[in-house]
Amino acid sequence: TLTTHIGSFEFANPIMNASGVHCLSAQDLDELAASAAGSFITKSGTLEARVGNPAPRYATLPYGSINSMGLPNKGLDYYIQYAEKFQAAHPDQPFFLSVAGMAPSDYVTMAKQIQASSFTGLTEFNLSCPNVPGKPQVAYDVEATEQILTELFKVFNKPAGIKLPPYFDLAQFDAMAAVLNRFPITYINSINSLGNGLMIDPATDTTLVRPKGGFGGIGGAYAKPIALANVRAFRERLRPEISIVGTGGVRNGRDVYELILCGASMVQVATTLQEEGLGVFPRLLAELQVAMAENGHTSLTDFQGQLHTI
Ligand code: DHB
């Protein structure tokens, strides 16, 4: 069985989209919901709808992708309405609503709106969008994160997750985990894209994306070892009641297996979904089952978090 849990929610399998891919519109979300994925998440909604950054803002790379989308989305009201309607029609199909603030106070405003709605699923607070000009990633600032979570949980008591950027120093894991452990969060999602990479077209000596002078978030295979490390490092530091969604660098079923081995309960796919389409889900599920069988495992809990070290 591929059954998995986040908080009190059960999912038939652990593979789903990462926010940003195939989840902008109601049609996109309906297609995800009808796919083989175990769940789905919306594009991060902001208080006001956004068109995002000028194109080209996504490019395929040899081992992944670069993007500088700039949070194009239909606005929080649109996604709350979708969530309320979907939940009423499919009460046994839990899913995730992602939100992103353009200012710290936005998180409280949005939390109040979601609290007041009929949505009872998982809300993911994206503290790590790398692509909005002039807006640093909140979660690289431990104090700002603590302040936002303090205000947010004064008004919000529904299941909540936090989307985190990649960290690269063990002291950063210590500091962030210490803060996260003080709040009633249901899960973290590690990692968002590797912020502000740069790729160049050798034929023209020109950046591949237009916004921000060519800087953009890197995803795909480039992210895999960093995602594994972030999931592992947080699993070693967070309260066991806090689940982990592992995101970054999934191209095959063995990649899914390894994120679970590091402690993930759910695994998200962005670049490979963007490149391959919804058929990626049945493929990854079949490959995950092969990887499990090769190691003699019949359920995710047989190996979840059971990484061996030497
Ligand atoms: C956006 C891009 C990302 O890579 C991300 O992690 C979050 C948001 C965006 O620009 O919309």
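## Close-up views of a predicted model

Pro-56 is located in the loop that runs between helix H1 (26-33) and strand E4 (58-61), and this residue, like the others shown in these views, belongs to a model that is predicted.

**View 1. A cis peptide bond leads into Pro-56.** The peptide bond from Ala-55 to Pro-56 is cis, with an omega near 0°. Pro-56 has a relative accessible area of 37%, and because values between the cut-offs of 20% and 50% count as partly exposed, Pro-56 is placed in that class. For orientation along the chain, Leu-228 is 172 residues away from Pro-56, and the C-alpha atoms of these two residues are separated by 30 Å.

**View 2. Another cis peptide bond joins Ser-190 to Ile-191.** Here the bond from Ser-190 to Ile-191 is cis, with omega near 10°. Ile-191 belongs to the loop that connects strand E9 (187-190) with strand E10 (194-198). Asn-192 and Ser-193 are among the residues that surround the ligand.

**View 3. The ligand occupies the largest pocket.** The space that the ligand takes up is the largest pocket of the model. Around the ligand stand Lys-43, Asn-67, Met-69, Gly-70, Leu-71, Pro-72, Cys-129, Pro-130, Asn-131, Asn-192 and Ser-193. By residue type, this shell divides into five nonpolar residues, five polar residues and one charged residue.

**View 4. Polar atoms of Asn-67, Met-69 and Leu-71 approach oxygen atoms of the ligand.** Asn-67 contributes a polar side-chain atom, which lies 3.1 Å from an oxygen atom of the ligand. From Met-69 it is a polar backbone atom that takes part, at 3.4 Å from an oxygen atom of the ligand. Leu-71 likewise takes part through its backbone, with an N or O atom 2.6 Å from a ligand oxygen atom. Of the 290 Å² of accessible area that the ligand has on its own, the protein covers 92%.

**View 5. Asn-131 is joined to Asn-67 by a side-chain contact.** Asn-131 is part of the loop between strand E7 (122-126) and helix H4 (142-155), and this residue is also one of those surrounding the ligand. Its side chain and that of Asn-67 make a polar contact of 2.9 Å, while Asn-67 also has a polar side-chain atom 3.1 Å from an oxygen atom of the ligand. Asn-131 counts as buried because its relative accessible area is 3%, and the cut-off for that class is under 20%.

**View 6. Leu-76 is buried in helix H2.** Helix H2 comprises residues 76-89, and Leu-76 is found within this helix. The relative accessible area of Leu-76 is 0%, so the residue counts as buried. Leu-76 and Thr-46 are 30 residues apart along the chain, yet their C-alpha atoms are separated by 5.3 Å.

**View 7. Asn-196 and Asp-205 have positive phi angles.** Asn-196 is not a glycine, although its phi is positive at about 60°, and the residue is found in strand E10. With a relative accessible area of 35%, Asn-196 is partly exposed. Asp-205, which is not a glycine either, has a positive phi of about 55° and is placed in the loop between strand E11 (200-201) and strand E12 (206-207). Asp-205 counts as exposed because its relative accessibility is 68%, and the cut-off for that class is over 50%.

**View 8. Gly-277 is in the loop between helix H8 and H9.** Helix H8 spans residues 271-276, and Gly-277 is found in the loop between this helix and H9. The relative accessibility of Gly-277 is 24%, so this glycine counts as partly exposed. Gly-277 and Phe-215 lie 62 residues apart along the chain, and their C-alpha atoms are separated by 25 Å.

**View 9. Ser-299 makes a polar contact with Thr-301 after helix H9.** Ser-299 lies in the segment that follows helix H9 (280-294), where its side chain and that of Thr-301 are joined by a polar contact of 3.1 Å. With a relative accessible area of 14%, Ser-299 is buried.

Note on methods:
Residues numbered from 1 in each chain as written. Predicted model: local features only at pLDDT ≥ 70, side-chain atom pairs only at ≥ 80, totals over all residues. Heavy atoms only, no water. Near = heavy atom within 4 Å. Polar contact = N/O pair within 3.5 Å; in protein donor to acceptor, adjacent residues only side chain to side chain. Areas by Shrake-Rupley, 256 points an atom, 1.4 Å probe, with all protein chains shown as cover. 1 Å grid on protein atoms, 1.4 Å probe; cavity = no way out; pocket = protein on both sides within 12 Å on 5 of 7 lines; lining within 4 Å. Sits in = over half its atoms within 2 Å of the grid points. Nonpolar A, V, L, I, M, F, W, Y, C, P; charged D, E, K, R; others polar. Helix = DSSP H or I, 4+ residues; strand = E, 2+ residues; numbered from the N terminus. Buried < 20%, exposed > 50% of the residue type's maximum accessible area, 1.4 Å probe, protein only.
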